[in-house]
Amino acid sequence: ARSTPSKTSSSKPRPSTKRTRKPKRSFGTYNRRLLRNINSGMSLSSKGTNVMNSFVQDMFTRLAEEAGRMCRHSGSRTLGSRAVQTAVRTLLPGEIARHAMSEATRAVARMSA
(Lines give C-alpha, C1' and ligand atoms only; values in the text may rest on other atoms or scores of the structure.)
Protein backbone atom coordinates (compact mmCIF):
# COMPACT_ATOMS: atom_id res chain seq x y z
CA ALA A 1 0.00 0.00 0.00
CA ARG A 2 1.22 3.40 -0.92
CA SER A 3 1.23 6.14 1.76
CA THR A 4 -0.09 9.52 0.76
CA PRO A 5 1.26 12.70 2.30
CA SER A 6 -1.00 14.19 4.95
CA LYS A 7 -2.85 17.31 3.97
CA THR A 8 -2.51 20.51 5.96
CA SER A 9 -5.47 22.50 7.23
CA SER A 10 -5.74 24.57 4.05
CA SER A 11 -6.47 22.59 0.95
CA LYS A 12 -5.56 25.42 -1.46
CA PRO A 13 -2.03 25.43 -2.79
CA ARG A 14 -0.09 28.55 -1.90
CA PRO A 15 0.77 30.86 -4.79
CA SER A 16 4.51 31.10 -5.18
CA THR A 17 5.39 34.71 -4.50
CA LYS A 18 8.94 35.95 -4.36
CA ARG A 19 9.72 38.37 -1.60
CA THR A 20 11.20 41.61 -2.79
CA ARG A 21 13.83 43.24 -0.67
CA LYS A 22 13.21 46.69 0.67
CA PRO A 23 15.53 49.11 -1.14
CA LYS A 24 18.38 50.37 1.00
CA ARG A 25 18.15 54.11 1.53
CA SER A 26 21.23 56.02 0.50
CA PHE A 27 22.48 59.53 -0.14
CA GLY A 28 24.53 58.30 -3.13
CA THR A 29 22.51 60.06 -5.82
CA TYR A 30 22.67 63.36 -3.93
CA ASN A 31 26.42 63.00 -3.42
CA ARG A 32 26.90 62.40 -7.15
CA ARG A 33 24.77 65.44 -8.05
CA LEU A 34 26.74 67.60 -5.65
CA LEU A 35 30.05 66.37 -7.05
CA ARG A 36 28.84 66.99 -10.61
CA ASN A 37 27.91 70.58 -9.67
CA ILE A 38 31.30 71.20 -8.10
CA ASN A 39 33.51 69.43 -10.64
CA SER A 40 31.83 67.73 -13.59
CA GLY A 41 34.96 65.83 -14.66
CA MET A 42 35.32 63.86 -11.42
CA SER A 43 33.54 60.72 -10.30
CA LEU A 44 33.22 58.80 -7.04
CA SER A 45 34.09 55.12 -6.56
CA SER A 46 31.70 52.76 -4.81
CA LYS A 47 33.93 52.72 -1.71
CA GLY A 48 34.00 56.52 -1.72
CA THR A 49 30.22 56.56 -2.06
CA ASN A 50 29.94 54.20 0.93
CA VAL A 51 32.20 56.43 3.03
CA MET A 52 30.26 59.57 2.08
CA ASN A 53 26.92 57.84 2.73
CA SER A 54 28.10 56.71 6.15
CA PHE A 55 29.36 60.21 6.98
CA VAL A 56 26.09 61.91 5.94
CA GLN A 57 23.96 59.40 7.85
CA ASP A 58 26.12 59.82 10.96
CA MET A 59 25.90 63.63 10.84
CA PHE A 60 22.15 63.52 10.20
CA THR A 61 21.67 61.24 13.22
CA ARG A 62 23.82 63.42 15.47
CA LEU A 63 22.06 66.63 14.41
CA ALA A 64 18.60 65.10 14.80
CA GLU A 65 19.40 63.76 18.27
CA GLU A 66 20.88 67.07 19.41
CA ALA A 67 17.96 69.06 17.99
CA GLY A 68 15.57 66.68 19.76
CA ARG A 69 17.40 67.26 23.02
CA MET A 70 17.10 71.02 22.47
CA CYS A 71 13.33 70.68 21.99
CA ARG A 72 12.98 68.50 25.06
CA HIS A 73 15.03 70.96 27.10
CA SER A 74 12.90 73.93 26.03
CA GLY A 75 9.65 72.02 26.54
CA SER A 76 8.63 72.28 22.90
CA ARG A 77 7.01 69.34 21.14
CA THR A 78 7.83 70.63 17.65
CA LEU A 79 11.25 70.32 16.05
CA GLY A 80 11.74 73.72 14.48
CA SER A 81 14.47 75.45 12.51
CA ARG A 82 15.72 77.19 15.64
CA ALA A 83 16.49 73.87 17.37
CA VAL A 84 18.26 72.59 14.26
CA GLN A 85 20.33 75.80 14.02
CA THR A 86 21.37 75.47 17.64
CA ALA A 87 22.29 71.81 17.08
CA VAL A 88 24.43 72.78 14.07
CA ARG A 89 26.21 75.47 16.07
CA THR A 90 26.78 73.01 18.91
CA LEU A 91 28.10 70.08 16.87
CA LEU A 92 30.06 71.69 14.05
CA PRO A 93 33.28 73.64 14.59
CA GLY A 94 33.46 77.45 13.97
CA GLU A 95 33.85 78.21 10.27
CA ILE A 96 32.03 75.08 9.12
CA ALA A 97 29.05 75.95 11.35
CA ARG A 98 28.88 79.48 9.92
CA HIS A 99 29.08 78.15 6.36
CA ALA A 100 26.36 75.56 7.10
CA MET A 101 24.12 78.25 8.58
CA SER A 102 24.47 80.52 5.55
CA GLU A 103 23.79 77.64 3.12
CA ALA A 104 20.76 76.55 5.12
CA THR A 105 19.39 80.09 5.19
CA ARG A 106 19.81 80.33 1.41
CA ALA A 107 18.08 76.96 0.91
CA VAL A 108 15.12 77.94 3.10
CA ALA A 109 14.80 81.29 1.31
CA ARG A 110 14.88 79.54 -2.08
CA MET A 111 12.20 77.05 -1.02
CA SER A 112 9.85 79.65 0.51
CA ALA A 113 10.15 82.08 -2.43
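Reader: What is pLDDT, and which helix of the chain has the highest mean value?

Author: pLDDT is the predictor's confidence in each residue, on a scale from 0 to 100. The model is predicted, and the mean pLDDT of the chain is 87, with 90% of its residues at 70 or more. Among the elements, helix α1 (residues 28–38) has the lowest mean, 90. The highest mean, 93, belongs to helix α2 (residues 46–74).

Reader: How are α2 and α3 oriented to each other: roughly parallel, roughly perpendicular or oblique?

Author: The axes of α2 and α3 lie 8 Å apart, and the two helices pack at an angle of about 120 degrees. Angles of 65 to 115 degrees count as roughly perpendicular and those over 145 as roughly antiparallel, with under 35 being roughly parallel. The angle falls in none of these ranges, so α2 and α3 are oblique.

Reader: What is the handedness of the crossing of α2 and α3?

Author: The crossing concerns the pair whose axes are 8 Å apart. For α2 and α3 the crossing is right-handed.

Reader: Which element gives the most residues to the lining of the largest pocket?

Author: The largest pocket holds about 1100 Å³ of space. Its lining has 21 residues, and the closest to the centre are Leu 34, Val 56, Leu 63, Ala 100 and Glu 103. Two or more lining residues come from each of α1, α2, α3 (81–91) and α4 (94–112). The element that gives the most, with 8 residues, is α2.

Reader: How many residues in the lining of the largest pocket are nonpolar?

Author: By class, the lining of the largest pocket includes 2 polar residues and 1 charged residue. The nonpolar residues number 18.

How values were computed: Residues numbered from 1 in each chain as written. Predicted model: local features only at pLDDT ≥ 70, side-chain atom pairs only at ≥ 80, totals over all residues. Heavy atoms only, no water. Helix = DSSP H or I, 4+ residues; strand = E, 2+ residues; numbered from the N terminus. 1 Å grid on protein atoms, 1.4 Å probe; cavity = no way out; pocket = protein on both sides within 12 Å on 5 of 7 lines; lining within 4 Å. Points joined across faces, edges and corners; volume = space filled by probe spheres on them. Nonpolar A, V, L, I, M, F, W, Y, C, P; charged D, E, K, R; others polar. Axes fitted to C-alpha atoms, helices over the stretch in contact; angles between N-to-C directions. Left-handed = near helix turned anticlockwise from the far one by under 90°.
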